[in-house]
Amino acid sequence: MTVDTAEKAEKAEKAGKAETIEVAAARRMRAAEGTAPAPAVLVVQHEEDAGPGLVGSHLVRTGLRLDVVRAWEGEPLPADLRGHAGLLVLGGSVNCEADEAAPWLPGVRALVREAVAGETPLLGICLGGQIVAHALGGAVAVRPQGPEVGVVPLRRLPAVSDDPVFGEVPDGAVAAQWHWDEVDRLPSGAVPLLTGDDCPHQAFRVGRTAWAVQFHPEVDGDAVAEWALADAELVREAGGDPGAAVSSVREAEPELRSVWGAVSEAWGAVVRARALAPASRRLGVAGRG
């Protein structure tokens, strides 16, 4: 991707339009150079104000194309992952079991199971992470202590050292939070990677190529400010301070961009490596633990 395209992708982050930039860039590169299409990541978006954001722009920089399904608008999910090198499931305010309110959720769970079974790289963010846990036999519950919002420091767990995506996250790195539910029990065989004082399952891996996080690596201060505006009364009723939560994210934004941008690109590298490797070698691409 050219420098000009990267700069446009940076500007597009807040509007959640990185996928449009990449489609245009890929088309120009194919026309100019005759290259093959970039590997595609299927992105499941649940709400208008919860797009791929910073994660999406970093995936674009690694040479991936984002195929975004706007599920809340009625756009249909594909029946399977054929034609996609990775699966990214974003966040949202709906409960991961609320199939009546979000009738696309059973389809998302089916894609999650397919990704894990076929070792297609998977990343679930907040609600997406909860869907991963629930679809694979874990459990999700409403937080009895109320929502976790704003910036929270995370701690490394032993298994993270050999993880190809989260292995370089420093101990004490901060992450943006905005959730009322949380993973209550990990799926069988899941490997915990990061934890926090108030929410134990902040990041985990299932198998060799599936990751899930409870926090929001894709957001900046402006995105969280929109959520705070919508959820202000609910946060105050739970004893929280929405304004302070937004301020904490804005103050930490340089670190958030640096740490979780690097994680996003590390996951993107796994996607590209598996997409470009011969089928006989794919089982070993992400084999650091």
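**Exercise 1.** How near do the axes of H4 and H5 come, and at what angle do they cross?

*Solution.* The structure is a predicted model, and the geometry below is computed from it. Two packed helices are described by the angle between their axes and the distance between the axes. For H4 and H5, the axes come within 9 Å and cross at roughly 70°. Angles from 65 to 115 degrees count as roughly perpendicular, and H4 is therefore roughly perpendicular to H5. The next step is to name the residues that meet: H4 contributes Leu105, Val108, Arg109, Val112 and Arg113, while H5 contributes Ile131, Val132, His134 and Ala135. Sorted by class, this contact of H4 with H5 holds six nonpolar residues, one polar residue and two charged residues.

**Exercise 2.** Describe the packing of H6 against H7, beginning with the axes and ending with the classes of the residues in contact.

*Solution.* Helix H6 spans residues 221-237 and helix H7 spans residues 242-276; their axes come within 8 Å and cross at roughly 160°. Because an angle over 145 degrees counts as roughly antiparallel, H6 and H7 are roughly antiparallel to each other. As for handedness, H6 passes H7 in a right-handed crossing. On the H6 side the contact involves Gly221, Asp222, Val224, Ala225, Ala228, Ala232, Val235 and Arg236, and these meet Pro242, Val246, Val249, Arg250 and Glu253 in H7. The classes in this contact of H6 with H7 are eight nonpolar, one polar and four charged residues.

**Exercise 3.** Which residues of H3 are buried, and which of its residues contact H7?

*Solution.* Begin with burial. Helix H3, residues 53-61, is mostly covered, with eight of its nine residues buried. The buried residues in H3 are Gly53, Leu54, Val55, Gly56, Ser57, His58, Leu59 and Val60. Turn next to the packing partner: H3 and H7 pack with their axes 8 Å apart, at an angle of about 50°. That angle makes H3 oblique to H7. The crossing of H3 and H7 is right-handed. From H3, Leu54, Val55, His58, Leu59 and Arg61 take part in the contact, and from H7, Arg257, Gly261, Ser264, Glu265, Trp267 and Gly268 do so. By class, the contact of H3 with H7 divides into four nonpolar, four polar and three charged residues. Finally, glycine 63 follows H3, and its phi is positive, near 95°.

**Exercise 4.** Where do glutamate 119 and cysteine 126 lie, and are they buried or exposed?

*Solution.* The background to this exercise is that most residues other than glycine have a negative phi. Glutamate 119 has a positive phi, near 55°, although it is a residue other than glycine. Its place is in the loop between helix H4 (105-118) and strand E4 (122-125). Since buried means under 20% relative accessible area, glutamate 119, at 16%, is buried. Cysteine 126 also has a positive phi, near 50°, and is likewise a residue other than glycine. Cysteine 126 is found in the loop between E4 and helix H5 (127-135). With a relative accessible area of 4%, cysteine 126 is buried.

**Exercise 5.** Is proline 76 buried or exposed, and how far apart in space are proline 76 and tryptophan 104?

*Solution.* Proline 76 has its place in the loop between strand E2 (65-70) and strand E3 (86-89). Exposed means over 50% relative accessible area, so proline 76, at 68% relative accessibility, counts as exposed. Proline 76 and tryptophan 104 are 28 residues apart in sequence, while their C-alpha atoms are 7.9 Å apart in space.

**Exercise 6.** How many residues does the largest nonpolar core have, and which helix supplies its largest share?

*Solution.* The largest nonpolar core has 49 residues, and those with the most contacts inside it are Leu88, Phe166, Leu194, Phe215, Trp260 and Trp267. H7 supplies the largest share of this core, namely eleven residues. A second, separate core has 30 residues, among them Trp104, Val112, Ala135 and Val183. For the chain as a whole, buried residues make up 53% of the 289 residues, and the secondary structure comprises seven helices and twelve strands. Among contacts in the chain with a separation of 6 or more, 74% are accounted for by residues 24 or more positions apart.

Note on methods:
Residues are numbered from 1 along each chain as its sequence is written. This is a predicted model: local features need pLDDT of at least 70, side-chain atom pairs count only at pLDDT 80 or more; totals for chains, interfaces and linings use all residues. Side-chain values use heavy atoms; hydrogens and water are left out. Axes are lines fitted to C-alpha atoms, for helices over the stretch in contact, and angles run from 0 to 180 degrees between N-to-C directions. Helices (H or I, at least four residues) and strands (E, at least two) are DSSP runs, numbered from the N terminus. Angles under 35 degrees count as roughly parallel, over 145 as roughly antiparallel, 65 to 115 as roughly perpendicular and the rest as oblique. A crossing is left-handed if the near helix is turned anticlockwise from the far one by less than a right angle, and right-handed if clockwise. Contact means heavy atoms within 4.5 Å. Ala, Val, Leu, Ile, Met, Phe, Trp, Tyr, Cys and Pro count as nonpolar, Asp, Glu, Lys and Arg as charged, and the others, Gly among them, as polar. A nonpolar core is a set of buried Ala, Val, Leu, Ile, Met, Phe, Trp, Tyr and Cys residues joined through side-chain atoms within 4.5 Å. Buried means under 20% relative accessible area, exposed over 50%, partly exposed in between (1.4 Å probe, protein chains only).
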